[in-house]
Amino acid sequence: MDYFFDETQQMIVETAREITREKILPVRAELDEKNEFPREILHDIAKADLFGIFVPEEYGGLGGGCYEIVLAMEELARGCVGVATSYAASALGIFPVILAGSEEQKEKYLPDIATGSRWAAFGLTEANAGSDASGIRTTAVEDGDSWVLNGTKQWITNGGESEIYTIVALTDPSKGARGASIFVVEDGDPGFSYGKKEDKMGIRSSATRELIMKDCRIPKDRLVGRRGTGFITVMKTLDLSRPGIASLGVGLAQAALDEAVTYAKQRVQFGKPIISFQAVQHMLADMAMQTEAARALVYAAARHIDHHPKDMSKASSMCKVFATDVAMKVTTDAVQVLGGYGYMKEYPVEKMMRDAKILQIYEGTNQIQRNVIGQELNKEYS
Ligand code: COS
């Protein structure tokens with residue numbers, strides 16, 4: 001369907017599509033098999049200026065909004081969700097600085113993020129604080145001209161690969177969510193190290209690692225926003241980033257649909273290509289409808305967020321749930337259409353189905369998204 005992109009949006013789509021075709025597709029199976037971080041491809045994405053999309057123009061970026069980001073992510077995800085996740089994680093990591101950082105912090109970090117010469121990552125999750133994000137235990141204590149951080153962050157995307165980390169820590173532990181603050185921790189800061197690297201079911205080319213802060217001492221000016229406002233910034237960051245995850249679902253579903261239709265046209269059983277059987281046609285029809293409906297909702301949500309930045313939550317959660325549930329369904333059905341071949345690693349749909357699962361889990365499980373939607377409805381109708 002034609003979504004009437006403007007010139008910049010069309011350029012973003014074409015650039016990302018070319019990277020997928022030229023750089024990602026030839027190596028995605030190998031990256032998946034070897035659990036290998038796509039460093040070279042991220043450099044190619046940087047050269048194509050795609051890291052600048054979400055950075056304001058005054059700091060060297062393209063000044064795009066949520067809509068522009070989802071367009072890039074969708075195209076990259078058609079190639080590999082692991083690679084697209086590694087790209088997306090830098091946006092997630094730097095959103096707190098864009099949303100709440102000081103002028104000095106923006107000047108210090110955003111130009112490098114825009115050129116892709118440094119990448120960011122977001123440190124929220126801990127072993128005992130996943131859905132219950134305000135249950136974090138990492139602390140930050142003032143000490144002279146420094147903050148001293150202690151704690152361990154778990155499952156951090158781009159952990160060990162990025163140079164800039166936005167870390168959520170409690171500055172006033174007795175106040176719970178109202179006692180959280182965000183800090184920038186840089187690779188090489190004293191007391192900051194990387195722990196276990198995870199071995200995952202899917203998105204295996206992305207790096208998922210522990211961040212360990214043991215008396216990690218950072219300068220005072222690394223506090224992002226006001227002390228105690230960190231949780232609100234976390235929530236806004238997630239509101240802004242979730243449509244990106246939704247768009248990974250759309251790109252992945254589209255890739256699985258493409259594989260399924262292509263296969264169904266070639267595979268002959270009972271003397272005919274299997275696409276001529278109604279049982280297969282109906283599956284493909286449902287996959288196509290669901291993918292397009294997901295795309296339309298993601299684009300609508302992204303445009304809404306760009307025009308109503310104070311009213312992001314419901315649109316953001318709705319598109320995240322819908323598009324990622326679609327991705328799980330469509331990739332599973334693609335494996336079904338390919339039958340025994342679909343289950344084998346020599347066909348890409350097996351990887352797609354593995355990659356789809358995380359989309360329903362990370363950046364807030366789909367159950368949590370439904371909570372958010374329900375709470376927003378409750379407020380709207382009161
Ligand atoms: N924007 C701004 N503020 C928000 C907000 C939003 N979208 N959502 C919540 N808040 C505020 C609330 O208004 C509340 O502020 P006050 O204390 O001033 O009233 C505060 O944040 C706490 O909100 P709430 O009471 O709803 O939090 P809960 O402890 O019940 O936790 C959360 C529910 C929001 C944490 C949960 O729904 C959630 O999103 N969990 C998923 C976390 C996640 O995505 N983890 C994965 C990270 S991967 S990077």
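**Exercise 1. Find out which domains meet at the ligand, and what kinds of residues surround it.**

*Solution.* Step 1: start with the domains. In this predicted model, domain 2 (121–230) and domain 3 (231–380) each give at least three residues to the shell around the ligand.

Step 2: look for the main contributor. Helix α7 (residues 230–266) supplies the largest share of that shell, six residues.

Step 3: sort the shell by class. You get nine nonpolar residues, six polar ones and four charged ones.

**Exercise 2. Pick out the residues that come nearest to the ligand and describe their polar contacts.**

*Solution.* Step 1: narrow things down. There are 19 residues around the ligand, and S131, R178, D239, R242 and S313 come nearest.

Step 2: check the atoms, keeping N or O pairs within 3.5 Å. S131 uses its backbone: a polar atom there is 2.8 Å from a nitrogen atom of the ligand. R178 uses its side chain, with a polar atom 2.9 Å from a ligand oxygen. S313 also brings in a polar side-chain atom, and this one lies 3.0 Å from a nitrogen atom of the ligand.

Step 3: see how much of the ligand is covered. On its own the ligand has 990 Å² of accessible area, and the protein covers 66% of it.

**Exercise 3. Locate the largest cavity and work out which domains it lies between.**

*Solution.* Step 1: take stock. The structure holds two cavities of 30 Å³ or more, and the largest has about 80 Å³ of space.

Step 2: find its walls. Its lining has 13 residues, and M73, F95, L240, S241 and G244 are the ones nearest the centre. Helices α4 (66–79), α5 (81–100) and α7 each put in at least two lining residues.

Step 3: sort the lining by class. Ten of the residues are nonpolar, two are polar and one is charged.

Step 4: draw the conclusion. Because domain 1 (7–119) and domain 3 (231–380) both give residues to the lining, the largest cavity lies between them.

**Exercise 4. Describe the second largest cavity in the same way.**

*Solution.* Step 1: get the volume, which is about 50 Å³.

Step 2: go round the lining. Among its residues are R28, A77, C80, L252, P348 and K351. Two elements, α4 and α10 (349–359), give two or more residues each, and α10 gives the most, with three.

Step 3: sort by class. Here the split is six nonpolar, one polar and three charged.

Step 4: return to the domains. Domain 1 (7–119) and domain 3 (231–380) each provide at least three residues of this lining.

Terms used: Residues numbered from 1 in each chain as written. Predicted model: local features only at pLDDT ≥ 70, side-chain atom pairs only at ≥ 80, totals over all residues. Heavy atoms only, no water. Near = heavy atom within 4 Å. Polar contact = N/O pair within 3.5 Å; in protein donor to acceptor, adjacent residues only side chain to side chain. Areas by Shrake-Rupley, 256 points an atom, 1.4 Å probe, with all protein chains shown as cover. Helix = DSSP H or I, 4+ residues; strand = E, 2+ residues; numbered from the N terminus. Nonpolar A, V, L, I, M, F, W, Y, C, P; charged D, E, K, R; others polar. Domains from an automatic or database assignment. 1 Å grid on protein atoms, 1.4 Å probe; cavity = no way out; pocket = protein on both sides within 12 Å on 5 of 7 lines; lining within 4 Å. Points joined across faces, edges and corners; volume = space filled by probe spheres on them.
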